[in-house]
Structure formats: structure tokens, C-alpha cells
Amino acid sequence: MPNDFQLQQNSSTSNGSTENKAGVNVVVSFIPCVIFLYINCVMLYTLRSKPVFRETSRYLLLYNLLLAETLQMILAQMMFLIAVGLVFMTRLVCLLVLIPAIITTVISPFNLALMSLETYVAVCFPLRHASIVTVPTTYGAIAVVWAISLANMLVRVIMLKFLDARPFGQFMSVLCTETNIFQLKIFSEFESGFVCAQFVSVGLIIILSYVGVMVAAKAASIDKLSANKASKTVLLHMIQMGLSLSSTLVNTILTGLHGKVDVITFRHLRFSLFVCLINLPRCLSCLIYGLRDKMIRPILIRHLRLGINFKIYNFNTHDINR
């Protein structure tokens, strides 16, 4: 779930050196985040630029995945800056910030399961693929995924409203994190149950899809080249699911380390986990699918070049005018 690497720290232990290191960490995390956000946004634009992308289930699912991961990246960076800047807020404002982060985090694994199923149908039932995987059914599946994520969040908000006596207008004396908002034990039990059910179901779907594609690859009636490529794609879905699961462990890791290491070490660990387990997995989808797909790759590269050339042109024009 969204990232509780923003644990409360004793600001009195800060000095000039640690503040400079914190500033370096912000810059180091911010620059690649901006670069990949730009690439993701160009990818999203690319997937809406051609009718073939808007009318093909595979690209609709990819668009939904990229949209969720782009929002996750933006929210994760925002929460990281809030933690580094020691910004405090009311419980209501914190909850409003966390809600989209929680929702989009739930969407990615389910979307990967849908993409695996689409690949399985395309390889194992090529003649029926067009009738099984249609644009309306794809939109319906995406709507179900969003509904599950919204229902998960709605249940948690209702539980917070009726089980937690603290008023929403109360100003928080700690940083805005998921654990500081959902403090009762029932929330951690609910979250653990939901995450286990989510990853067991998604993992089972991806594994079965992979096995089905591998079996089909050995059949004489199946195009072995397409089947092998599809098996690699499903395997990538599995790796991405593992990375998504690893991001949910950040909360547990940092909570376990809090108080057991000094503040400076804790900050370095928090930054390392943020970059490796939070930001990095969100940057892979565009590179994996955008560069592997023969239809997307030339259009994506052209749009990236146009954007860079446009920026250079505007920069040079501004210098001339000056």
C-alpha cells in the first residue's frame, strides 16, 4: 500500500550535515521521477493517439496500468517530500492524500492479472480471441478492478469513521502516513487479509496463464514464435507482481527498524527503499511494454523526440529574444 516510509522522526537531532544530505536525497529522487513521469505521460498520450490503440483490449489494459502507476509515482514523490519537509496536517487532509494512493496501488496487480488472461486467450484461443476479448468486456473488466479498489478503500474509511474516536479535524502531531491514520489493530488485520487474498488470486491467475501459454507453445498447431514471446510477457507480469508485492513490505521493514537504528541510518534506508521498491517498479512498465511492442515503439520514440525538439526550440527562441 502507499508508502509509510515517512515515519515520525525527532527533528531536534537534525543538523546542517543531515539537512544537506536530505536535500541531496530529494534531488536524486526527484530528477529520475520527473524523467520517468515525462516518459509515462508521453506513453499515455501515445496510447490515445491512434484508433488502433483505443480499440484494442491489450492497449486499453496497458493504458489503465500506466495511468495507475503514473498516479502512484506522483503521490509517492509527494509523500516523500512531505516526510522530508516534516509537514504536518489535519487527519482529514491526510486521509484525502492517502485515498488515491491506496486505490491506485490496489489496481496494478489486478490489472496485471487481466493482461495475463488476455495474453493466454490470444495464444490458446486465437480464433475466439476477437469474440472473447472485446472492447466492451475490457472496459467492464477495468471497471470491476476499479470497483474492487474503491470498495476496499470505502470499507476502511467506514471503519475509520465508526471505530476511531479521533475527530477528522484534529491536527496531527505526527507525519501523515497510513499507519498513523489507521492505527487500530483491526486495520492491520483487514489490510493483511486483503493483500494476501489479492496476491494469491493474482499470482494464481498469472501462473496458470504462464503454464497454459507454455503448454500451447509445445503444440504443433500454435505459432511457436508468438507463443514464446507471449510466455516471456506473462513472465514479466509475474516479475512486476513481485515488485508490487515488495513495495507493500516497505511499511513493515521501516516499522521494524524504527528505533533500532540511528536517525541518519534510518533516513538512508528510507530513501533507498523509496527509490528501489517504490519508484523503480513504477518506471518499468513503460520501458517493458513500450519498447517491446513493435506498434508502440516507433510512435513512442517519435513523440519523445518531438517533445525534446520542441523544448530545445523554445529554449533557443527564448535566448534569441533575450
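**View A. Ala68 touches Thr104, Ile107 and Ser108 (contact: heavy atoms within 4.5 Å), leaving aside residues up to four places away in sequence.** The model is predicted, local features need pLDDT of at least 70, side-chain atom pairs count only at pLDDT 80 or more, and totals for chains, interfaces and linings use all residues. Residues are numbered from 1 along each chain as its sequence is written, and side-chain values use heavy atoms, with hydrogens and water left out. Ala68 belongs to helix α3 (helices are DSSP runs of H or I, at least four residues, strands runs of E, at least two, both numbered from the N terminus). Ala68 has a relative accessible area of 0% and is therefore buried (under 20%; exposed is over 50%, partly exposed in between; 1.4 Å probe, protein chains only). The C-alpha atoms of Ala68 and Thr104 lie 5.1 Å apart, although 36 residues separate the two along the chain.

**View B. The whole protein holds 12 helices and 0 strands.** Read from the N terminus, the order of elements is α-α-α-α-α-α-α-α-α-α-α-α. Of the 322 residues, 44% are buried. Taking contacts between residues at least 6 apart in sequence, 83% join residues at least 24 apart. About 16100 Å² of the protein is exposed (Shrake-Rupley method, 1.4 Å probe; for residues, only the protein chains shown count as cover). Carbon and sulfur atoms supply 71% of that area.

**View C. The largest nonpolar core has 56 residues (buried Ala, Val, Leu, Ile, Met, Phe, Trp, Tyr and Cys joined through side-chain atoms within 4.5 Å).** Leu47, Leu62, Ile181, Phe182 and Ile296 touch the most other members of this core. Two or more residues each come from α1 (16-47), α3 (57-84), α4 (91-124), α6, α8 (185-217), α9 (224-248), α11 (263-292) and α12 (296-321). The biggest contribution to this core is that of α4, with 14 residues. Another core lies apart from it and has 10 residues, among them Val250, Leu254, Leu273 and Ile278.

**View D. Asp164 sits in the loop between α6 (135-163) and α7 (178-181).** With a relative accessible area of 10%, Asp164 is buried. Beyond residues up to four places away in sequence, Asp164 touches Arg91, Met159, Ile181 and Leu184. The side chain of Asp164 also makes a polar contact with that of Arg166, at 2.8 Å (N or O atoms within 3.5 Å; within protein, one must be able to donate a hydrogen and the other to accept it, and residues adjacent in sequence count only if both atoms are side-chain atoms).

**View E. Arg91 and Asp164 form a salt bridge (a side-chain nitrogen of Lys or Arg within 4 Å of a carboxyl oxygen of Asp or Glu).** Their closest N and O atoms are 3.5 Å apart. Arg91 lies in helix α4 and Asp164 in the loop between α6 and α7, so the pair ties together parts that are 73 residues apart in sequence. Both Arg91 and Asp164 are buried. In total, the structure holds 6 salt bridges.

**View F. Arg156 meets Glu178 in a salt bridge of 2.5 Å, N to O, between their side chains.** Glu178 is in helix α7 and Arg156 in helix α6, so this pair ties together parts that are 22 residues apart in sequence. Glu178 and Arg156 are both buried. The side chain of Arg156 also meets that of Glu191 in a salt bridge, at 3.0 Å from N to O. This pair links distant parts of the chain, Glu191 in helix α8 and Arg156 in helix α6, 35 residues apart. Glu191 is buried, as is Arg156. Elsewhere, Arg91, Asp164 and Arg166 are joined into one network by salt bridges that share partners.

**View G. Leu154, Ile158, Phe162, Leu163, Leu184 and Ile186 make a nonpolar surface patch of about 580 Å².** Members have over 30% relative accessible area and no salt bridge; like charges are joined within 9 Å, and nonpolar side chains (Val, Leu, Ile, Met, Phe, Trp, Tyr) within 5 Å. Helix α6 supplies the largest share of the patch, 4 residues. Ile158 is in helix α6. Ile158 has a relative accessibility of 43% and therefore counts as partly exposed.
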